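Colleague: Pick a single part of this model, a pocket if you can, and walk me through it closely. I'm after the lining and the charged pairs rather than a quick tour.

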Amino acid sequence: MLERALDAGVPASWVTADEVYGGDPTLRRFLEDRGLSYVLAVKCIEPLRRAHGSASATAAQLAARLPAEQWVACSAGHGAKGRRLYDWARVELATPAAAGCARWLLVRRSRADGELAFYACLGPASTSLVGLVRVAGVRWAIEESFQCAKGEVGLDHYEVRRWPGWYRHITLALLAHAFLTVTRAQATTASARGEVA
């Protein structure tokens, strides 16, 4: 799907995804070959190679070596309960073939219980930690939209066994969700201006 979208000229500068996709080295290589930056969630056991190091280590092992002063409190965006505030740090990884780019392991630590999450990242070498956090946070908005579409327009209520039926159902549900989202935004804007919708 990414290849078709990019070939069709859909503009994209960053790609973000969960562990299912982030752990796929073929996908990461494809994105690098296409010149796309990414922040992809990976498992704690994902083998990575640190910059200036030859041996691979898991994401969890690299995170365990982070000094306390490298952790920065930063919001990954707003959620239903306010700002999503976590501690974040990054480790520079072996450099990619593309000039001017860098790879990182981005680590998110829960401020409540210390639970860690890991992201394999590639982007312009000038990308800040806050920039990577912002991209990582975009995925939550996408997941919230899918949850909303499941509840409002039945995105997950299909009983089809063939590709054309599934594709039609998903397309119609997402179109209905887009219509509701735009209508809601227009009504909110009109209400804020004191207009009657």
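**The second largest pocket**

Modeller: Helix α3 gives the most to the lining of the second largest pocket, with four residues (helices are DSSP runs of H or I, at least four residues, and strands runs of E, at least two, numbered from the N terminus). Bear in mind that this is a predicted model, where local features need pLDDT of at least 70 and side-chain atom pairs 80 or more, while totals for chains, interfaces and linings use all residues. Numbering starts from 1 along each chain, and side-chain values use heavy atoms, without hydrogens or water.

The space in this pocket comes to about 320 Å³ (a pocket is an open set of points on a 1 Å grid where a 1.4 Å probe fits, with protein on both sides within 12 Å along at least five of seven lines; lining residues have an atom within 4 Å of a point; volume is the space filled by probe spheres on the points, which are joined across faces, edges and corners). Its lining runs to 14 residues, and R28, E32, Y38, L48 and R103 sit closest to the centre. Two or more lining residues come from each of α3 (25-33), β3 (47-49) and β8. By character, the lining splits into eight nonpolar residues, one polar and five charged (Ala, Val, Leu, Ile, Met, Phe, Trp, Tyr, Cys and Pro are nonpolar; Asp, Glu, Lys and Arg charged; the others, Gly among them, polar).

Two of those central residues are worth a longer look. R103 and E32 pair up through their side chains in a salt bridge, 2.6 Å from N to O (the cut-off is a Lys or Arg side-chain nitrogen within 4 Å of an Asp or Glu carboxyl oxygen). The pair ties together parts 71 residues apart in sequence, because R103 belongs to strand β7 and E32 to helix α3. R103 is partly exposed, at 22% relative accessible area (under 20% is buried, over 50% exposed, partly exposed in between, with a 1.4 Å probe and protein chains only).

That pair is part of a wider set: the structure holds eight salt bridges. One of them brings together the side chains of R34 and D7, at 3.0 Å from N to O. R34 sits in the loop between α3 and β2 while D7 is in helix α1, so this contact bridges parts 27 residues apart in sequence. As for accessibility, R34 is partly exposed at 34%, whereas D7 reaches 53% and counts as exposed.

Another salt bridge joins E144 and R84, with 2.3 Å between N and O. Here too the chain is linked across distant parts, E144 being in helix α5 and R84 in strand β6, 60 residues apart. E144 is partly exposed, with a relative accessible area of 38%, but R84, at 17%, is buried. Then there's a shared-partner case: D87, R109 and R111 are joined by salt bridges into one network.

For context, compare the lining with that of the largest pocket, whose volume is about 1200 Å³. That one has 30 lining residues, with M1, T16, Y21, I142 and F146 nearest the centre. α1 (2-7), β1 (14-17), α5 and α6 (163-192) each give its lining two or more residues. The breakdown there is 21 nonpolar, two polar and seven charged.
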